[in-house]
Amino acid sequence: MKLLTMAFVVAVSAGAAQADGTHMPDHDAAPGGTGQMEHMGDMDHMGGTGAASGHGVMAIGAPARAEEAARTVTVAMRETEDGRMVFDPPVLDIAAGETVRLAIRNEGEQEHEFVMDAPDEIQEHKAMMAEMPDMVHRDANALRLGPGESGEIVWTFGAPGSYEFACLIPGHYEGGMHGPLVVR
């Protein structure tokens with residue numbers, strides 16, 4: 001019984017070590033070059049109330065299953081000839097309660113990411129990324145892709161409001177890589 005108790009404590013401690021956040025160095029990226037990150041633990045990067053934290057639903061909504069998607073919206077990420085960084089389309093308009101498959105492609109020559117959240121959360125996360133630029137997301141509302149890679153986020157959008165999507169790799173937001181996400 002004592003051995004079983006010790007094994008349980010070790011297993012819980014290992015899980016807690018993994019669940020202390022959802023950002024890992026680049027070398028932990030999923031194999032196969034898909035850019036998709038697998039979840040380790042159920043906490044978001046701030047241990048807060050995000051959908052990935054297990055403590056509630058984000059105002060923007062929650063992850064969903066692919067078969068629940070009513071439609072697919074393709075989002076391209078790339079750099080322009082004049083040095084700007086852009087998303088296409090530059091604005092996302094979604095109905096509250098709608099489940100959407102966001103098919104995201106990196107058509108650029110640099111690594112980019114797609115993160116969607118409330119504007120204040122985006123700014124807080126942007127500041128965190130400035131301090132830890134090698135951070136890789138494991139949040140359900142984020143995806144990092146290398147050049148030529150594609151991935152998807154399937155999401156059921158929540159409360160109506162004005163949200164934002166952005167690339168938070170240092171310098172990319174400032175280069176123009178952000179846009180409004182309106183849930184009506």
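**Two open sheets and a packed helix**

From the N terminus on, the elements of the chain run α-β-β-β-β-β-β-α-β-β-β-β. That gives 2 helices and 10 strands. Helices (H or I, at least four residues) and strands (E, at least two) are DSSP runs, numbered from the N terminus. The model is predicted: local features need pLDDT of at least 70, side-chain atom pairs count only at pLDDT 80 or more, and totals for chains, interfaces and linings use all residues. Residues are numbered from 1 along each chain as its sequence is written, and side-chain values use heavy atoms, with hydrogens and water left out.

Confidence is given by pLDDT, the predictor's confidence in each residue, from 0 to 100. The chain has a mean pLDDT of 77. A value of 70 or more is reached by 68% of its residues. Over residues 1-56, pLDDT stays under 50. For this stretch the model has 89 contacts beyond four places in sequence, a contact being heavy atoms within 4.5 Å. Among contacts in the chain with a separation of 6 or more, 71% join residues 24 or more positions apart. Of the 184 residues, 41% count as buried. Buried means under 20% relative accessible area, exposed over 50%, and partly exposed in between (1.4 Å probe, protein chains only).

One open sheet is formed by 5 strands in the order 1-8-5-2-3, with mixed pairing. Its edge strands are strand 1 and strand 3 (85-88), each of which pairs on one side only. Neighbouring strands of this sheet are turned by 30 degrees against each other on average, direction ignored. Axes are lines fitted to C-alpha atoms, for helices over the stretch in contact, and angles run from 0 to 180 degrees between N-to-C directions. Two strands pair if DSSP finds at least two bridges between them. Strand 1 (residues 61-63) and strand 8 (residues 150-157) are antiparallel and share 3 bridges. Here G61 has F157 of strand 8 as its bridge partner. Strand 8 also pairs with strand 5 (residues 99-106), again in the antiparallel sense, over 7 bridges. In this pair V100 is matched with W155 of strand 8. Strand 2 (residues 71-79) runs antiparallel to strand 3, and 4 bridges join them. R78 stands opposite V86 in strand 3.

Another open sheet has 5 strands in the order 4-10-9-6-7, also with mixed pairing. Strand 4 (92-94) and strand 7 are the edge strands, each pairing on one side only. The twist averages 15 degrees from one strand to the next. Strand 6 and strand 9 pair in the antiparallel sense over 3 bridges. The bridge partner of V115 in strand 9 is A166. Helix 2 packs on this sheet, touching strand 6, strand 7 and strand 9. The direction of helix 2 makes about 140 degrees with that of strand 6.

Helix 2 (residues 119-131) has 13 residues. At 1.5 Å a residue, helix 2 should span 18 Å, and its end C-alpha atoms are 19 Å apart, which agrees. The expected span is 1.5 Å times one less than the number of residues. The buried residues of helix 2 are I122, H125, M128 and M129. They cover an arc of only 125 degrees around the axis, which puts them on the same side of helix 2. The arc is that of the directions from the helix axis to the C-beta atoms. An α-helix has 3.6 residues a turn, so residues three or four places apart point the same way. The buried residues of helix 2 pack against strand 6 (112-117), strand 7 (142-145) and strand 9 (161-166). The face turned away from the buried side carries the exposed residues D120, A130 and E131.
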